[in-house]
Amino acid sequence: MGFLLDLSQRISTAYRGNEQMKTARVFMLLAALLLGVLGVNGSLNESLIVAYGGAETASCSVDWTGNEDLTPIGGATCSATSRVSAGSSIEMFGSNTKYWATSSAPTGLPTGASDRTVCFWIYPDSVTGYRHITNWGISSNSRGYGLYTDTTTPTFYGVVDDTAFSSGTLGVGSWAHICYAYDGTEVILYYNGANTNNASKTLNTASSILRFGVDVSIGASNLGDGKVDLVKLWNRTLTSSEIAQDYNGGSGCDYSCVYPSSGNVTNVMLTAVDAYDDSSITTFNASINVSGGGLVGEFSTTNGTILT
C-alpha cells in the first residue's frame, strides 16, 4: 500500500544548467515528505486551519495543527465518548455558561466570501428544538457562519435564509458525519460522506473566535447538547472525494489519517529551499529517499533540465 518515506535508499537526479548559471534554484521537498505533510487521502492536511478531538492527545481542546487550542468556559470538560477508539471529544452541555471557544481568531480563519470547509462527527444527547453546534463571526447583518440542528435535521446558517440538509437524520446516541463547504458562490452540504444539498449564497463572514455549543451571540437559548469529534476547518473548498476520505467509510479520519507516516504521495509541489549564484556550477545532485516502492513523476527547476 504505497511506499514508506525513508532514508535507507536514494533516488538521485542531476541538474544541468547553462554554462553561466545564475541563481540556480534546486527544488526539493524532502523535509516535508518525511514529516508526512503530503500524506495519503488527497492531502487533507493542506490548508487545514484547526483540528480537535480524536486520539492525538488526551485533551479534546488541543489543536492538532498548533494554531489555536480551545478554552473550556465555565468548567467545560472533554467527553470520554469518542468517534475513535481512543482520545476524547468536545462535550456540549446545553448551557451558555459552560461551552468551548478559542481565545482569539485562529490564524487563517476564512472570512468574507472566502472558500472554506468544516467537517466533524456529531453525537446528539438531545434532538429537541434548535441546537447550535459550532460557528464563528457575529450575529449582526448575517455575518456569522455555522451549523445548528433543527430537531433531527442539520442546518447551515450564514445568511438570512438558512439551508437545511435535504437528507440525513440525526439520532440521540448515534454518530453522524457532517461537512459544509463554501466555494465563494455556493454552500455545499454533506451527510455521512454524501452531498445532500447545495445552495447559492453570498457570504460576508466576520472574524471572531470559534465557538462550540452556543450561538454567535452566546445567548441563553438554542444551545448544543451532545458531543462533536474529529473537528476540522480548512480555508479551502474540499472536493467530494476528499469529503469521502474524511468520512473514511464511517470510521472517521483521525490524526494518523490526516498526517500519515506512509502511503501514496501524489501531486507533489516541490518548493525551493536554497539558491546558488556561482557561474562555475554546471551540475547539482539532489535526492529524495524512498523505500518499498517507486517514485512517479518529474522534477522541474527554474533553469536547465533534470537528468536521471
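Which residue takes a positive phi in the hairpin of β11 and β12? In this predicted model, the residue is threonine 151, with a phi near 50 degrees. Two residues lie between the strands of that hairpin.

The two strands of the hairpin, β11 (residues 143-150) and β12, pair in the antiparallel sense, and five bridges are found between them. Leucine 147 has phenylalanine 156 of β12 as its bridge partner. Strand β12 spans residues 153-157 and is mostly covered, with four of its five residues buried. Strand β12 is also joined to β13 (residues 163-164), again in the antiparallel sense, through two bridges. Here the bridge partner of phenylalanine 156 is threonine 163 in β13. Phenylalanine 156 is thus listed as a bridge partner both of leucine 147 and of threonine 163.

The second largest pocket was examined next. The space in this pocket amounts to about 150 Å³. Its lining comprises 13 residues, and those closest to the pocket centre are Ser139, Ser142, Tyr157, Val159 and Asp162. At least two lining residues are supplied by each of β10 (130-138) and β11. Strand β11 provides the largest share of the lining, with three residues. Divided by class, the lining holds six nonpolar residues, five polar residues and two charged residues. Strand β11 therefore appears in two settings, since by the pairing criterion of at least two bridges this strand pairs with β12, and β11 also contributes to the pocket lining.

Methods
Residues are numbered from 1 along each chain as its sequence is written. This is a predicted model: local features need pLDDT of at least 70, side-chain atom pairs count only at pLDDT 80 or more; totals for chains, interfaces and linings use all residues. Side-chain values use heavy atoms; hydrogens and water are left out. Buried means under 20% relative accessible area, exposed over 50%, partly exposed in between (1.4 Å probe, protein chains only). On a 1 Å grid over the protein atoms alone, a cavity is a set of points where a 1.4 Å probe fits but cannot get out, and a pocket is an open set with protein on both sides within 12 Å along at least five of seven lines; lining residues have an atom within 4 Å of a point. Grid points are joined across faces, edges and corners, and a volume is the space filled by probe spheres set on the points. Ala, Val, Leu, Ile, Met, Phe, Trp, Tyr, Cys and Pro count as nonpolar, Asp, Glu, Lys and Arg as charged, and the others, Gly among them, as polar.
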